[in-house]
Amino acid sequence: MASTATEAAAQPAAAAEQQQVNGNGEQKTRHSEVGHKSLLKSDDLYQYILETSVYPREPESMKELREVTAKHPWNLMTTSADEGQFLNMLLKLIGAKKTMEIGVYTGYSLLATALAIPEDGTILAMDINRENYELGLPCIEKAGVAHKIDFREGPALPVLDQLLEDDANHGSFDFVFVDADKDNYLNYHERLMKLVKMGGLIGYDNTLWNGSVVLPADAPMRKYIRYYRDFVIELNKALAADDRVEICQLPVGDGVTLCRRVK
Amino acid sequence: MATGGRDGSVPVVHSDKTLLRSRNLYKQYVLETTVLPNEPECMRELRILTDNHEKGIMASPPDEAQLLQMLIKLTGAKTTIEVGVFTGYSLLATALALPDDGKVIAIDTNPEYYELGRPFIEKAGVAHKVDFRAGLALQHLDELLADEANHGAFDFAFVDADKPSYVKYHEQLLRLVRVGGVLVYDNTLWDGTVALPPDAPMSDMDRRISAAVRELNARLAADGRVEVCQLTIADGVTICRRVV
């Protein structure tokens with residue numbers, strides 16, 4: 001999951017809420033899964049799903065990457081294990097081969113994707129932060145799937161625009177996963193509608209935005225949640241009304257909206 | 001799927017059709033923003049009729065029907081099976097999603113409920129895709145299995161029926177659905193009761209079903225013939241992809 005400079009500045013503020021100060025005045029960050037736990041009726045239920053259906057099936061490489069990420073201060077940005085499993089299943093169901101990921105962070109969903117697509121499958125992966133990607137890269141290399149990844153450091157919009165300059169790229173992608181700066185999702189959408197093939201799939205992450213999409217505007221909420229909330233609400237409205245796609249919004253993680261291109 | 005709690009001392013299970021903490025997030029948001037605006041008219045009509053039925057709680061909610069349709073279209077499924085029909089809301093969703101030459105074999109012990117929904121399926125112009133069979137699913141599935149031509153002939157199966165039989169349906173469906181095909185099981189979280197401590201108060205029926213569902217989940221998770229994914233949509237939906 002990428003972060004714009006603004007979102008990056010906002011994230012540590014959120015992570016800071018989980019920080020504890022130890023005896024030496026050092027701040028220690030506690031891993032917290034903000035999005036998914038709070039969406040379900042009970043945290044125990046989420047734990048049940050993880051322990052029953054997710055962790056026993058989680059590939060070793062993904063487990064390692066998840067553990068590496070848990071130590072990172074911005075770890076609440078990561079894709080959760082149940083969402084990784086879902087993406088993996090989805091990709092196999094649709095037989096995706098040529099894919100894209102906007103927003104990588106340490107690469108958990110990227111690895112889930114790389115493991116799912118065939119040997120000659122490809123992922124064009126974009127993130128403004130190469131350092132985070134390199135944190136997870138050893139796990140991806142160890143899994144033997146790094147050769148499928150074409151990582152581009154920097155904002156995604158210029159890359160998408162460049163792809164669109166070549167007609168051969170139009171309608172060429174089977175699957176795109178967008179887990180990045182919410183204020184640009186609609187901008188990505190316009191370009192992805194031309195890059196994804198007919199019948200192809202786009203997945204937008206965090207579309208329930210911690211449940212804040214249904215709260216009144218003056219309800220108490222974390223700063224970064226409030227900052228991006230309007231963009232997410234606008235995105236959801238736009239996707240529901242977009243007749244170029246059929247959609248399905250799932251409460252996986254922080255809400256994932258699947259869009260199948262039909263026009 | 002009657003709810004417990006008639007004597008007030010036991011929590012009501014399945015009082016609403018979501019596992020989300022916030023009913024508003026589900027009803028006002030997911031349904032109102034994403035699901036209902038895109039719900040076909042025939043499905044809406046059938047849903048309203050079914051909501052007024054005394055057993056209305058058994059019907060699949062519209063967000064789940066939307067997921068089924070997405071899965072069918074994404075996988076290009078053509079020949080499918082539905083175990084458990086009730087009034088036919090998910091059946092109608094399936095028939096609408098299948099291609100024109102697609103087929104769904106739909107099995108339920110109660111043809112009367114199906115008759116309530118059949119007019120909507122006909123009005124939608126998709127009745128020709130539906131092959132309804134009244135009776136016990138275990139028997140009908142065995143009959144299908146008796147003909148070798150049916151082995152691995154199906155692309156997709158949706159099971160929304162008597163929970164204690166799911167493990168048996170699984171064995172039958174694994175031979176009917178092709179390798180790479182999809183099996184979808186409904187109610188696999190039984191209103192979240194699967195995560196409660198064993199002595200948590202609940203009706204006898206819910207306790208029995210919750211135990212059956214826990215058993216199913218454990219078995220599916222350990223079953224090397226499928227890859228699994230358990231979603232928290234509706235009452236818990238487990239998607240299985242046959243790999244062996």
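**Note on a predicted two-chain model**

1. Asp161(A) and Arg191(A) form a salt bridge, with 2.8 Å between the closest N and O atoms. The pair ties together distant parts of the chain: Asp161(A) sits in helix H8 (residues 156-165) of chain A, and Arg191(A) in helix H9 (residues 185-195) of chain A. The two are 30 residues apart. Asp161(A) is partly exposed, because its relative accessibility is 33%. Note that this is a predicted model. Over all chains, the structure holds 31 salt bridges.

2. A salt bridge within one helix comes next. Arg118(B) pairs with Glu122(B), and the closest N and O atoms are 2.6 Å apart. Why are these two residues separated by about one helical turn? Because they are four residues apart in helix H5 (residues 111-123) of chain B. In general, an α-helix has 3.6 residues a turn, so residues three or four places apart point the same way. Both partners are partly exposed: Arg118(B) has a relative accessible area of 30%, and Glu122(B) one of 42%.

3. Then a buried salt bridge in chain B. The side chains of Lys163(B) and Asp160(B) meet at 3.8 Å, N to O. The cut-off for a salt bridge is 4 Å. Lys163(B) counts as buried because its relative accessible area is 5%. Asp160(B) is buried as well, at 11%. Elsewhere, salt bridges with shared partners join Lys92(A), Glu227(B) and Arg241(B) into one network.

4. Helix H3 (residues 43-54) of chain A has 12 residues. From first C-alpha to last, H3(A) reaches 15 Å, close to the 16 Å expected at 1.5 Å a residue. Ser42(A) caps the N-terminal end of H3(A). The contact runs from a side-chain oxygen of Ser42(A) to the backbone nitrogen of Asp44(A), at 3.3 Å. Which residues of H3(A) are buried? They are Leu45(A), Tyr46(A), Tyr48(A), Ile49(A), Leu50(A), Thr52(A), Ser53(A) and Val54(A).

5. Chain B has an open sheet of seven strands with mixed pairing. The strand order is E3-E2-E1-E4-E5-E7-E6. Which strands stand at the edges? Strand E3 (130-134) and strand E6 (226-231) of chain B do. Each has a single partner strand, so one side of each is left without a neighbour in the sheet. On average, neighbouring strands of this sheet are turned by 15 degrees against each other, direction ignored.

6. One strand pair deserves a look. Strand E4 (residues 154-159) and strand E5 (residues 177-186) of chain B pair in the parallel sense. Five bridges join E4(B) and E5(B). Phe154(B) stands opposite Val177(B) in E5(B).

7. On to the aromatic rings. The structure holds 10 aromatic pairs over all chains. One of them is Tyr227(A) with Tyr228(A), whose ring centres are 4.7 Å apart. Their planes stand at 75 degrees, so the pair is edge-to-face; the cut-off for that class is over 60 degrees. Is each residue buried or exposed? Tyr227(A) is partly exposed, at 45% relative accessibility. Tyr228(A) is buried, with a relative accessible area of 1%.

8. Chain B offers a tilted pair. The rings of Tyr166(B) and Tyr185(B) have centres 5.6 Å apart and planes at 40 degrees, so the pair counts as tilted. This pair also links distant parts of the chain, 19 residues apart. Tyr166(B) belongs to helix H7 (residues 166-176) of chain B, and Tyr185(B) to strand E5 of chain B. Both rings belong to buried residues: Tyr166(B) at 1% relative accessibility and Tyr185(B) at 0%.

9. Back in chain A, Tyr227(A) and Tyr228(A) are part of an aromatic cluster. The other members are Trp209(A), Tyr224(A) and Phe231(A).

10. Last, a loop residue. Where does Arg222(A) lie? Arg222(A) is in the loop between strand E7 (196-205) and helix H10 (223-241) of chain A. Arg222(A) counts as partly exposed, because its relative accessibility is 23%; the buried class ends under 20%. The C-alpha atoms of Arg222(A) and Gln249(A) are separated by 23 Å. Along the chain these two residues are 27 residues apart.

Key
Residues numbered from 1 in each chain as written. Chains lettered and ligands numbered in written order. Predicted model: local features only at pLDDT ≥ 70, side-chain atom pairs only at ≥ 80, totals over all residues. Heavy atoms only, no water. Expected span 1.5 Å × (residues − 1). Buried < 20%, exposed > 50% of the residue type's maximum accessible area, 1.4 Å probe, protein only. Polar contact = N/O pair within 3.5 Å; in protein donor to acceptor, adjacent residues only side chain to side chain. Pairing = 2+ DSSP bridges. Axes fitted to C-alpha atoms, helices over the stretch in contact; angles between N-to-C directions. Phe/Tyr/Trp six-rings, centres within 6.5 Å; stacked < 30°, edge-to-face > 60°.
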